[in-house]
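Biologist: Please choose one helix in this model and take me through it slowly, together with whatever it meets, explaining each term as you go.

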Amino acid sequence: MIRVMLVDDHALVRMGFRMLLADAQVEVVAELDTGEQACAEYAKVQPDVVVMDLSMPGMGGLEAVRRIVAQDPKARILALSAHEDTAHPQRVLRAGALGYLTKRSAPEALIAAVGAVARHETYVDAQTARALAMAQVKGETNPAQML
């Protein structure tokens, strides 16, 4: 069973994710609402996957990803965001997250993403992957900087 730490400042979002993950036989071992809490609790909880919202009060998800990866380079983090641009996924993947999923994604995508990240695989939702590919084709991004 995959053990997940959910980090999102919206309790309703965490509840929905928890219910969705439970239906997929994924255990939520911690629910936190700030990046600071995630950094403090990560070593204690030792989750298989951290599902991290990027837009939170305080240090935010991007900085929390950086700090968790600094303390554990093998941390498996799936970033979630309402942002559908190419800058956010590029930044968080460079910071050490293994996955990126927009909050508009289908519920099944969360399950697939958690599973992929738990297996140490990179996961980017299809819409974001297309946007990143188009940005690369247009020369808006350097693929070497993305990962």
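Modeller: What follows is a close look at helix α3, its partner helix and its salt bridges, with a second helix pair at the end. The model is predicted, so that local features need pLDDT of at least 70 and side-chain atom pairs count only at pLDDT 80 or more, while totals for chains, interfaces and linings use all residues. Residues are numbered from 1 along each chain as its sequence is written, and side-chain values use heavy atoms, with hydrogens and water left out.

Let us begin with the packing of α3, which covers residues 60-71. Helices here are DSSP runs of H or I with at least four residues, strands are runs of E with at least two, and both are numbered from the N terminus. The axis of α3 comes within 9 Å of the axis of α4 (residues 87-95), and the two cross at roughly 15°. This angle makes α3 roughly parallel to α4, the label for angles under 35 degrees, where over 145 is roughly antiparallel, 65 to 115 roughly perpendicular and the rest oblique. Such axes are lines fitted to C-alpha atoms, for helices over the stretch in contact, with angles from 0 to 180 degrees between N-to-C directions. The crossing of α3 with α4 is right-handed, meaning that the near helix is turned clockwise from the far one by less than a right angle.

Which residues of α3 and α4 meet? On the α3 side they are L62, V65, R66 and V69, and on the α4 side R91, V92 and A95, where contact means heavy atoms within 4.5 Å. Sorted by class, this contact has five nonpolar residues, two charged ones and no polar ones. (Ala, Val, Leu, Ile, Met, Phe, Trp, Tyr, Cys and Pro count as nonpolar, Asp, Glu, Lys and Arg as charged, and the others, Gly among them, as polar.) Among the buried residues of α4 are V92 and A95, buried being under 20% relative accessible area, exposed over 50% and partly exposed in between, with a 1.4 Å probe and protein chains only. After α4 comes G96, with a positive phi near 125°.

R66 also takes part in a salt bridge within α3: its partner is E63, with the closest N and O atoms 3.4 Å apart. The term stands for a side-chain nitrogen of Lys or Arg within 4 Å of a carboxyl oxygen of Asp or Glu. E63 and R66 are three residues apart in α3, about one turn of the helix. E63 is partly exposed at 24% relative accessibility, and R66 is partly exposed at 40%.

Beyond α3, in the loop that leads to β4 (77-81), lies R76. R76 forms a salt bridge with D48, the closest N and O atoms being 3.7 Å apart. Because D48 is in the loop between α2 (35-45) and β3 (49-53), the pair ties together parts that are 28 residues apart in sequence. R76 is buried, its relative accessible area being 17%. The structure holds nine salt bridges.

Finally, consider α1 (residues 11-23). The axes of α1 and α5 (residues 107-118) come within 10 Å and cross at roughly 70°. That makes α1 roughly perpendicular to α5. Here F17, L20 and L21 of α1 meet P107, L110, I111 and V114 of α5, a contact of seven nonpolar, no polar and no charged residues.
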